[in-house]
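Colleague: Hi! Could you walk me through this model when you have a minute?
Modeller: Happy to, let me put it on the screen.

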Amino acid sequence: TDTALMQLNGIAQKLRFAGLKAKAKAFMEDIARDKGLTRTELEDRIVPDLELDERGSRTFDFGPRQFKLVFGEDMKPMVRDEAGKVKADLPKPGKTDDAEKASTAVAAWKLLKKQVKEVLKAQISRLEQAMVSCRRWSVAEFESYLVKHPLMINLVRLLLWGCYDKDGKLVRTFRVTEIGRAHV
(Lines give C-alpha, C1' and ligand atoms only; values in the text may rest on other atoms or scores of the structure.)
Protein backbone atom coordinates (compact mmCIF):
# COMPACT_ATOMS: atom_id res chain seq x y z
CA THR A 1 0.00 0.00 0.00
CA ASP A 2 1.01 3.62 -0.31
CA THR A 3 1.13 3.89 3.49
CA ALA A 4 3.48 0.91 3.73
CA LEU A 5 5.67 2.38 0.98
CA MET A 6 5.72 5.72 2.79
CA GLN A 7 6.82 4.01 6.02
CA LEU A 8 9.46 2.01 4.16
CA ASN A 9 10.71 5.19 2.52
CA GLY A 10 10.91 6.86 5.94
CA ILE A 11 13.09 4.00 7.16
CA ALA A 12 15.26 4.32 4.05
CA GLN A 13 15.79 8.01 4.71
CA LYS A 14 16.15 8.40 8.45
CA LEU A 15 16.82 5.16 10.31
CA ARG A 16 20.06 5.21 12.30
CA PHE A 17 20.81 1.53 11.77
CA ALA A 18 22.87 1.50 8.58
CA GLY A 19 22.06 -2.10 7.61
CA LEU A 20 18.28 -1.69 7.89
CA LYS A 21 18.44 1.73 6.24
CA ALA A 22 20.36 0.30 3.27
CA LYS A 23 17.94 -2.64 2.96
CA ALA A 24 14.91 -0.31 3.01
CA LYS A 25 16.54 1.93 0.40
CA ALA A 26 17.24 -1.10 -1.81
CA PHE A 27 13.58 -2.19 -1.47
CA MET A 28 12.40 1.29 -2.49
CA GLU A 29 14.74 1.29 -5.49
CA ASP A 30 13.49 -2.17 -6.53
CA ILE A 31 9.83 -1.18 -6.17
CA ALA A 32 10.39 2.01 -8.16
CA ARG A 33 12.22 0.09 -10.89
CA ASP A 34 9.42 -2.53 -11.04
CA LYS A 35 6.95 0.33 -11.59
CA GLY A 36 9.15 1.95 -14.23
CA LEU A 37 9.86 4.97 -12.02
CA THR A 38 12.77 6.63 -10.30
CA ARG A 39 12.72 6.58 -6.52
CA THR A 40 11.81 10.29 -6.39
CA GLU A 41 8.96 9.70 -8.85
CA LEU A 42 7.69 6.87 -6.64
CA GLU A 43 7.91 9.14 -3.59
CA ASP A 44 5.71 11.69 -5.41
CA ARG A 45 3.04 9.03 -5.86
CA ILE A 46 2.88 7.65 -2.32
CA VAL A 47 2.05 10.79 -0.33
CA PRO A 48 -1.14 10.02 1.64
CA ASP A 49 -4.06 12.42 1.21
CA LEU A 50 -5.19 12.07 4.86
CA GLU A 51 -8.81 12.22 3.65
CA LEU A 52 -8.46 15.89 2.75
CA ASP A 53 -10.66 17.34 0.03
CA GLU A 54 -9.39 18.74 -3.29
CA ARG A 55 -8.79 22.13 -1.65
CA GLY A 56 -6.59 20.58 1.05
CA SER A 57 -9.11 20.78 3.86
CA ARG A 58 -11.53 18.58 5.80
CA THR A 59 -14.71 19.15 7.77
CA PHE A 60 -15.26 17.92 11.33
CA ASP A 61 -18.97 17.57 11.93
CA PHE A 62 -20.57 17.96 15.37
CA GLY A 63 -24.09 17.88 13.89
CA PRO A 64 -25.35 21.43 14.28
CA ARG A 65 -21.77 22.79 14.16
CA GLN A 66 -19.00 22.10 11.65
CA PHE A 67 -15.35 23.00 11.78
CA LYS A 68 -13.08 23.20 8.75
CA LEU A 69 -9.40 22.24 8.81
CA VAL A 70 -7.02 25.07 8.00
CA PHE A 71 -3.26 25.18 8.30
CA GLY A 72 -1.41 27.91 10.16
CA GLU A 73 1.71 29.51 8.72
CA ASP A 74 3.82 26.83 10.38
CA MET A 75 1.56 24.13 8.85
CA LYS A 76 0.01 23.45 12.24
CA PRO A 77 -3.50 22.00 11.84
CA MET A 78 -6.17 24.38 13.11
CA VAL A 79 -9.93 24.68 12.66
CA ARG A 80 -12.18 27.46 11.43
CA ASP A 81 -15.67 27.63 12.87
CA GLU A 82 -18.77 28.64 10.92
CA ALA A 83 -18.28 32.27 12.00
CA GLY A 84 -14.81 32.28 10.43
CA LYS A 85 -12.88 32.28 13.70
CA VAL A 86 -9.69 30.19 13.62
CA LYS A 87 -8.97 28.05 16.67
CA ALA A 88 -5.93 25.98 17.57
CA ASP A 89 -8.07 22.98 18.47
CA LEU A 90 -11.57 21.61 18.17
CA PRO A 91 -13.82 22.87 20.94
CA LYS A 92 -15.31 20.46 23.42
CA PRO A 93 -18.67 19.10 22.28
CA GLY A 94 -21.62 20.96 23.74
CA LYS A 95 -25.09 19.93 24.89
CA THR A 96 -26.67 20.82 21.54
CA ASP A 97 -24.12 18.83 19.53
CA ASP A 98 -24.82 15.33 18.23
CA ALA A 99 -22.83 13.23 20.72
CA GLU A 100 -22.01 10.45 18.26
CA LYS A 101 -20.96 12.79 15.44
CA ALA A 102 -18.93 14.92 17.83
CA SER A 103 -17.16 11.89 19.28
CA THR A 104 -16.31 10.64 15.78
CA ALA A 105 -15.10 14.11 14.76
CA VAL A 106 -12.90 14.49 17.86
CA ALA A 107 -11.30 11.06 17.28
CA ALA A 108 -10.72 11.89 13.59
CA TRP A 109 -9.21 15.27 14.56
CA LYS A 110 -6.76 13.69 17.01
CA LEU A 111 -5.68 11.12 14.44
CA LEU A 112 -5.33 13.75 11.72
CA LYS A 113 -3.11 15.97 13.88
CA LYS A 114 -0.80 13.03 14.54
CA GLN A 115 -0.73 11.99 10.87
CA VAL A 116 -0.15 15.53 9.62
CA LYS A 117 2.85 15.96 11.89
CA GLU A 118 4.41 12.70 10.69
CA VAL A 119 3.66 13.12 6.98
CA LEU A 120 4.62 16.79 6.78
CA LYS A 121 7.95 16.12 8.44
CA ALA A 122 8.79 13.66 5.65
CA GLN A 123 7.38 15.85 2.87
CA ILE A 124 9.15 19.01 4.02
CA SER A 125 12.41 17.08 4.07
CA ARG A 126 11.66 15.69 0.60
CA LEU A 127 10.95 19.15 -0.82
CA GLU A 128 14.11 20.53 0.79
CA GLN A 129 16.09 17.72 -0.86
CA ALA A 130 14.41 18.48 -4.19
CA MET A 131 15.49 22.11 -3.87
CA VAL A 132 19.07 21.21 -2.95
CA SER A 133 19.34 18.74 -5.84
CA CYS A 134 17.68 21.18 -8.31
CA ARG A 135 14.94 18.68 -9.04
CA ARG A 136 12.60 19.49 -11.91
CA TRP A 137 9.02 18.34 -12.46
CA SER A 138 7.20 18.45 -15.76
CA VAL A 139 4.13 20.69 -15.74
CA ALA A 140 1.88 17.60 -15.69
CA GLU A 141 3.76 16.06 -12.74
CA PHE A 142 3.84 19.36 -10.86
CA GLU A 143 0.08 19.75 -11.29
CA SER A 144 -0.77 16.14 -10.51
CA TYR A 145 1.52 15.34 -7.58
CA LEU A 146 1.93 18.73 -5.96
CA VAL A 147 -0.75 21.28 -6.88
CA LYS A 148 -3.68 18.85 -7.05
CA HIS A 149 -2.59 16.72 -4.09
CA PRO A 150 -4.82 17.52 -1.09
CA LEU A 151 -1.96 17.70 1.42
CA MET A 152 0.93 18.84 -0.76
CA ILE A 153 -0.97 21.89 -2.03
CA ASN A 154 -0.71 23.33 1.48
CA LEU A 155 3.10 23.14 1.29
CA VAL A 156 3.28 24.20 -2.34
CA ARG A 157 1.49 27.47 -1.54
CA LEU A 158 4.26 28.41 0.90
CA LEU A 159 7.07 28.23 -1.66
CA LEU A 160 8.38 30.30 -4.52
CA TRP A 161 8.71 28.16 -7.66
CA GLY A 162 10.65 28.59 -10.88
CA CYS A 163 10.18 27.72 -14.55
CA TYR A 164 13.31 26.73 -16.47
CA ASP A 165 14.10 26.50 -20.17
CA LYS A 166 15.71 23.48 -21.89
CA ASP A 167 19.17 24.76 -20.97
CA GLY A 168 18.33 24.98 -17.28
CA LYS A 169 18.06 28.77 -17.26
CA LEU A 170 15.47 30.31 -14.94
CA VAL A 171 12.76 31.88 -17.11
CA ARG A 172 10.32 33.09 -14.43
CA THR A 173 9.22 32.57 -10.88
CA PHE A 174 5.72 32.06 -9.55
CA ARG A 175 3.69 31.19 -6.48
CA VAL A 176 0.71 28.91 -6.28
CA THR A 177 -2.21 30.65 -4.62
CA GLU A 178 -5.66 29.47 -3.62
CA ILE A 179 -7.01 30.64 -6.97
CA GLY A 180 -4.15 29.43 -9.16
CA ARG A 181 -0.69 30.57 -10.12
CA ALA A 182 0.63 34.07 -9.70
CA HIS A 183 3.74 35.21 -11.55
CA VAL A 184 6.31 37.01 -9.44
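Modeller: We can go through the sheet, the pockets and then the hairpin, keeping in mind that this is a predicted model.

Colleague: Sounds good. In what order do the strands of the open sheet run?
Modeller: The order is β1-β2-β3-β4, so to speak a sheet of four strands, and the pairing is antiparallel.

Colleague: And which strands are at the edges?
Modeller: Those are β1, residues 59-61, and β4, residues 86-87; each of them pairs on one side only.

Colleague: How many bridges hold β2 and β3 together?
Modeller: Four bridges, in the antiparallel sense, between β2 at residues 66-71 and β3 at residues 77-80. If you want a register point to click on, Lys68 has Arg80 in β3 as its bridge partner.

Colleague: Which helix lies across β1, β2 and β3?
Modeller: That is α4, spanning residues 99-132, and it runs at about 155° to β1.

Colleague: Switching to pockets. What volume does the largest one have?
Modeller: About 680 Å³ for the largest pocket. Its lining has 22 residues, and those nearest the centre are Arg135, Trp137, Phe142, Trp161 and Gly162.

Colleague: Where does the largest share of that lining come from?
Modeller: From α4 again, which gives five residues to the largest pocket. Elements that supply at least two residues each include α5 (139-147) and β5 (161-164).

Colleague: And how does the lining of the largest pocket split by class?
Modeller: There are 16 nonpolar residues, two polar and four charged.

Colleague: What about the second largest pocket, what is its volume?
Modeller: About 430 Å³. It is lined by 16 residues, with Val70, Phe71, Asn154, Arg157 and Glu178 closest to the centre of this second largest pocket.

Colleague: Which strand gives the most to the lining there?
Modeller: β2 does, with four residues in the lining of the second largest pocket.

Colleague: How do the residues of that lining divide by class?
Modeller: Five are nonpolar, four polar and seven charged in the second largest pocket.

Colleague: Back to β5 for a second. In what sense does β5 pair with β6?
Modeller: Antiparallel, over four bridges, with β6 covering residues 170-177. Within that pair, Tyr164 stands opposite Leu170 in β6.

Colleague: And which residue in that hairpin takes a positive phi?
Modeller: Gly168, with phi near 85°; the hairpin of β5 and β6 has five residues between the strands.

Colleague: Great, thanks for the tour!

Definitions and conventions: Residues are numbered from 1 along each chain as its sequence is written. This is a predicted model: local features need pLDDT of at least 70, side-chain atom pairs count only at pLDDT 80 or more; totals for chains, interfaces and linings use all residues. Side-chain values use heavy atoms; hydrogens and water are left out. Two strands pair if DSSP finds at least two bridges between them. Contact means heavy atoms within 4.5 Å. Axes are lines fitted to C-alpha atoms, for helices over the stretch in contact, and angles run from 0 to 180 degrees between N-to-C directions. On a 1 Å grid over the protein atoms alone, a cavity is a set of points where a 1.4 Å probe fits but cannot get out, and a pocket is an open set with protein on both sides within 12 Å along at least five of seven lines; lining residues have an atom within 4 Å of a point. Grid points are joined across faces, edges and corners, and a volume is the space filled by probe spheres set on the points. Ala, Val, Leu, Ile, Met, Phe, Trp, Tyr, Cys and Pro count as nonpolar, Asp, Glu, Lys and Arg as charged, and the others, Gly among them, as polar.
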